[in-house]
Amino acid sequence: MLLVEHPAGSILLTGDIEKRIEKKLVKEQADLLNIDVLIAPHHGSNSSSTGAFIQATSPDYVVFTTGYRNSYGFPDEKVVSRYKEFGSDLVNTVSRGMITFNFSDKNGLQLQPGYREVRQRFWHSKI
């Protein structure tokens with residue numbers, strides 16, 4: 001797990017942590033957890049992203065790093081619902097491709113257009 005902080009915002013890269021580690025973080029590191037961007041733990045598996053963890057992190061954006069038609073069905077719909085309940089904006093690598101955030105002293109935190117939006121191929125057409 002890695003916390004990256006900038007005056008314009010913070011991002012928490014969680015890796016494959018699950019409920020047990022989330023609970024420990026909320027208990028022992030709650031003062032560090034209010035962040036702007038959260039890489040969803042365990043790709044959005046229901047074995048993570050507890051309500052307590054989401055409340056403690058209170059992310060503006062949640063990034064799901066999942067593959068197209070992944071065999072695990074990530075992100076789990078229960079997890080997606082929990083983040084939506086807390087008002088987080090959800091982005092997914094499946095639909096956007098590479099996801100980029102810009103942390104700027106001048107402009108604050110900005111979600112950039114997704115790779116698939118910028119480099120759209122004809123086979124990505126919505127026709």
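**Reading strands, a patch and a loop residue**

Modeller: Let's start on the surface: Leu 2, Val 4 and Leu 13 make a nonpolar patch of about 230 Å². This is a predicted model, where local features need pLDDT of at least 70, side-chain atom pairs count only at pLDDT 80 or more, and totals for chains, interfaces and linings use all residues. Residues are numbered from 1 along each chain as its sequence is written, and side-chain values use heavy atoms, with hydrogens and water left out.

Biologist: What are patches made of?

Modeller: Patches take residues with over 30% relative accessible area and no salt bridge, joining like charges within 9 Å and nonpolar side chains (Val, Leu, Ile, Met, Phe, Trp, Tyr) within 5 Å. A salt bridge is a side-chain nitrogen of Lys or Arg within 4 Å of a carboxyl oxygen of Asp or Glu. Areas come from the Shrake-Rupley method with a 1.4 Å probe, and for residues only the protein chains shown count as cover.

Biologist: Why does Leu 13 count as partly exposed?

Modeller: Buried means under 20% relative accessible area, exposed over 50%, and partly exposed in between. Leu 13 counts as partly exposed because its relative accessibility is 36%. Leu 13 lies in strand β2, and four of the five residues of β2 (residues 9–13) are buried.

Biologist: Which strands pair with β2, and in what sense?

Modeller: Strands (E, at least two residues) and helices (H or I, at least four) are DSSP runs, numbered from the N terminus. Two strands pair if DSSP finds at least two bridges between them. Here β1 (residues 2–6) pairs with β2 in the antiparallel sense over five bridges, with Val 4 bridged to Ile 11 in β2. A hairpin of two residues joins β1 to β2. Strand β3 (residues 37–39) pairs with β2 in the parallel sense over three bridges, and Leu 12 has Leu 38 in β3 as its bridge partner.

Biologist: How many residues lie between β6 and β7 in their hairpin?

Modeller: Three residues lie between them. Strands β6 (residues 101–104) and β7 (residues 108–111) pair in the antiparallel sense over four bridges, and Ser 104 is bridged to Gly 108 in β7.

Biologist: And a loop residue: what is Thr 65 in contact with?

Modeller: Contact means heavy atoms within 4.5 Å. Leaving aside neighbours within four places in sequence, Thr 65 is in contact with Ile 39, His 43 and Thr 93. Thr 65 is found in the loop between β4 (61–64) and α3 (77–85), and counts as partly exposed because its relative accessibility is 31%.

Technical notes: Buried means under 20% relative accessible area, exposed over 50%, partly exposed in between (1.4 Å probe, protein chains only).
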